[in-house]
Amino acid sequence: MLTDTPSPATLVVGIVLALIVSQLIWKSFDPRSRLDAIPSVGIPHHPFGFYFGAWDYIKNGRAITEEGYRKYPGKAFKVALANRWLVIVNGRTSIEDLRNASDDYVSLAEATNSLLHLEHTIGQEQYRDPYQITVIRTPMTRNITGCFSDMRSEVVAAFEDLVPAKTDEWISLPAMELVLPVVSRVSNRVFIGLQCRDPDYIKITTQFAVEVAQDAAWFHITPTVLRPIAALLFGHLETATRRAMKVVGPMLQHRIEMDDKYGRDWPNSDRPNDLISWLLDEARGHPARRSVRTMTRTLLNVNFGAIHTTTQGFLHALYHIAANVEYVEPLRAEIESVVKSEGWTKAAMGKMVKLDSFLKESSRFAPGGAVSMLRQIVQDFTFSDGTTVPAGTLVGIPILAAHHDEANYANADSFDGFRFSRMREQVGEGIKHQMVTPSLDFLTFGLGRHACPGRFFGVNEQKLMMAHVLVTYDLKLRDGVRPEDEWIAHIGAANTTAEVMFRRRS
Ligand code: HEM
């Protein structure tokens, strides 16, 4: 029966919808936005152009960014995200400006927070005190050599478990489903030890990043005042924390107690050399960092930064090599000769110059999207070319277009796996062209003070996995064609459903 008075439920839904719509409108017409002087790309000329442009950007973000790069060489342009502008600064001097700007003006943390609502998706403690960054940058990077044999044994065990290949027949495996758990296991072997193999833990660590992204998308359209409630009702953070604590909680409790009692000097020098120890070292004198719950959240957060990035890099490279099998023999020859003289060590990885080049070229081609180095402007900021961007604006750089610019690379649109190893053969060019060295031409890991601190770990892990795959299996694609990347807005991911074929080498 129809009544004139809306039910309480209808009223609540109506109020929430009104708040959502007003928030979207307020944001897109934000009076603080003084961006008119910056040309827009992908926006049709009519009163609702912003919204049509934003919808188009979701579907064609890569093409729109490339259009801006071509149309406004060396200048800034802007594109429409769902509820705000994104200013893309173009040209080497602007990228240098971003690299050199202090965090008081230009903030990676604020950009990440405004895109991912960190307080609700990774937790208050982590948002306010991301001390794991220091741990990743220094002790973790220094300890790669010491942890290398564990990483190697986990790579071998994980591929043995997940690739049941024989010498006399090809098997076909969904690549993403294979690589994600392998990366989780190998990374967490260094983070937490052998518990990395716990199936629940693998599920939690691999799903967490997806849950963060999903939750953030909902929080975007949830009015600010309702977000804490939405986080409690629908967010995944609490559940992920509880489930992870079930697995690692007792181990963490033991490690905290031992650390309280013995510090670094355990009896019989038995203290594990892993991320938990390095985190506890950094947490000394900070009681808030030393609870099971906070440490579990820190682990989730480190996994969030480590697993999908490394998986994506490796998957892209796996598709590149399976589609270009002529690279297999020269890479195998390099790997086998280096391992013969060095064994499976980090030093050996350093000598695999062709492998480094191949992985770097793969990530030049597919750096994870069309826009990178996202920053939020915290105080009005003027770039060297005179463009002023007001506080509150999100800015980024057109990484894919820069990686494909002939001014930066000869035959930039061709995949040339040994491009960088040839450059390294020239005198004095050895270090400059390594994969871990960011530059204005190679921005996969960002640049400057915020350049990825985990890149030494992630690159060694990718090299170790690829070297193992190449010496253990033959591989190919069923139709020989590299699977298409999957795009949403400016984010480009390796194909999630494609299969790669493996056969054990005899
Ligand atoms: C190997 C694949 C990886 C890629 C392509 C990658 C890429 C990136 C990029 C593009 C940034 C932002 C840089 C900027 O905006 O200037 C970043 C930051 C970061 N990455 Fe990675 N990353 C990878 C692996 C890892 C791993 C394995 C870890 C952890 C062990 C990690 C931890 C971090 C952290 C903590 C930050 C934030 C740094 C800061 O706020 O200063 N990453 N990464």
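**Figure 1. Surroundings of T294 in helix α14 of the predicted model**. T294 is a buried residue, and its relative accessible area is 9%. Because the limit for burial is under 20% relative accessible area, T294 at 9% falls on the buried side. Helix α14 is the element in which T294 is found. Once residues up to four places away in sequence are set aside, T294 touches E125, A288 and R289. The view also includes Q126, which is 168 residues from T294 along the chain, with a C-alpha separation of 8.0 Å.

**Figure 2. T298 and its partners from other parts of the chain**. T298 also has its place in helix α14. The relative accessible area of T298 is 0%, and the residue is buried. Not counting residues up to four places away in sequence, T298 is in touch with Q126, Y131, Q132 and L279. P130 and T298 are 168 residues apart along the chain, yet their C-alpha atoms are separated by 8.2 Å.

**Figure 3. Q132 in helix α7, seen with its contacts**. Helix α7 spans residues 132–142 and holds Q132. With 6% relative accessibility, Q132 counts as buried. Q132 touches Q126, L279, T298, N301 and V302, leaving out residues up to four places away in sequence. The pairing of Q132 with T298 appears again here, as T298 has Q132 among the residues it touches. Q126 and L279 are likewise among the residues that T298 touches.

**Figure 4. T310 and T311, two buried residues of helix α14**. The place of T310 is in helix α14, and T311 is located in helix α14 as well. T310 counts as buried at 6% relative accessibility, and T311 counts as buried at 1%. Beyond residues up to four places away in sequence, T310 touches V183, G458, E461, Q462 and M465. For T311, with neighbours within four places left aside, the contacts are M176, V179, L180 and V183. V183 thus belongs to the contacts of T310 and to those of T311. Q462, one of the residues that T310 touches, lies 151 residues from T311 in sequence and 8.3 Å from T311 in space, C-alpha to C-alpha.

**Figure 5. The largest nonpolar core, with F502 and its contacts**. Which residues touch the most other members of this core? They are F191 and F502, in a core of 87 residues. Helix α14, residues 292–323, gives the most to this core, with 13 residues. A second, separate core has 25 residues, including A76, F383, V389 and I397. F502 is in contact with V163, A165, E169, W170, I171, L173, L178, V469, Y473, D474 and L475, its neighbours within four places in sequence being left aside. In soluble globular proteins, nonpolar side chains tend to be buried together.

**Figure 6. Backbone at H117, a residue with positive phi**. Most residues other than glycine have a negative phi. H117 is not a glycine, yet its phi is positive, at about 50°. The residue sits in the loop between α4 (108–116) and α5 (118–121). H117 is buried, with a relative accessible area of 10%.

**Figure 7. Backbone at M373 in strand β5**. M373 likewise has a positive phi, about 45°, although it is not a glycine. Strand β5, covering residues 372–377, contains M373. Is M373 buried or exposed? Its relative accessible area is 5%, and M373 is therefore buried.

**Figure 8. The protein chain as the setting of the close-up views**. The secondary structure of the protein chain comes to 20 helices and 12 strands. The radius of gyration is 24 Å, close to the 23 Å that the globule rule gives for 506 residues, so the chain is as compact as a globular protein of that length. Along the principal axes, the C-alpha atoms fill a box of roughly 75 × 60 × 50 Å. Buried residues account for 52% of the 506 residues. Of the contacts between residues at least 6 apart in sequence, 74% join residues at least 24 apart. The chain exposes about 23,200 Å², and carbon and sulfur atoms supply 58% of that area. The chain carries 55 positive and 57 negative charges, whose mean positions are 2 Å apart.

Note on methods:
Residues numbered from 1 in each chain as written. Predicted model: local features only at pLDDT ≥ 70, side-chain atom pairs only at ≥ 80, totals over all residues. Heavy atoms only, no water. Core = buried A, V, L, I, M, F, W, Y, C linked by side-chain atoms within 4.5 Å. Buried < 20%, exposed > 50% of the residue type's maximum accessible area, 1.4 Å probe, protein only. Helix = DSSP H or I, 4+ residues; strand = E, 2+ residues; numbered from the N terminus. Contact = heavy atoms within 4.5 Å. Rg over C-alpha atoms; globule rule 2.2 N^0.38 Å. Areas by Shrake-Rupley, 256 points an atom, 1.4 Å probe, with all protein chains shown as cover. Lys, Arg positive; Asp, Glu negative; His and termini not counted. Charge placed at Lys NZ, Arg CZ, Asp CG, Glu CD.
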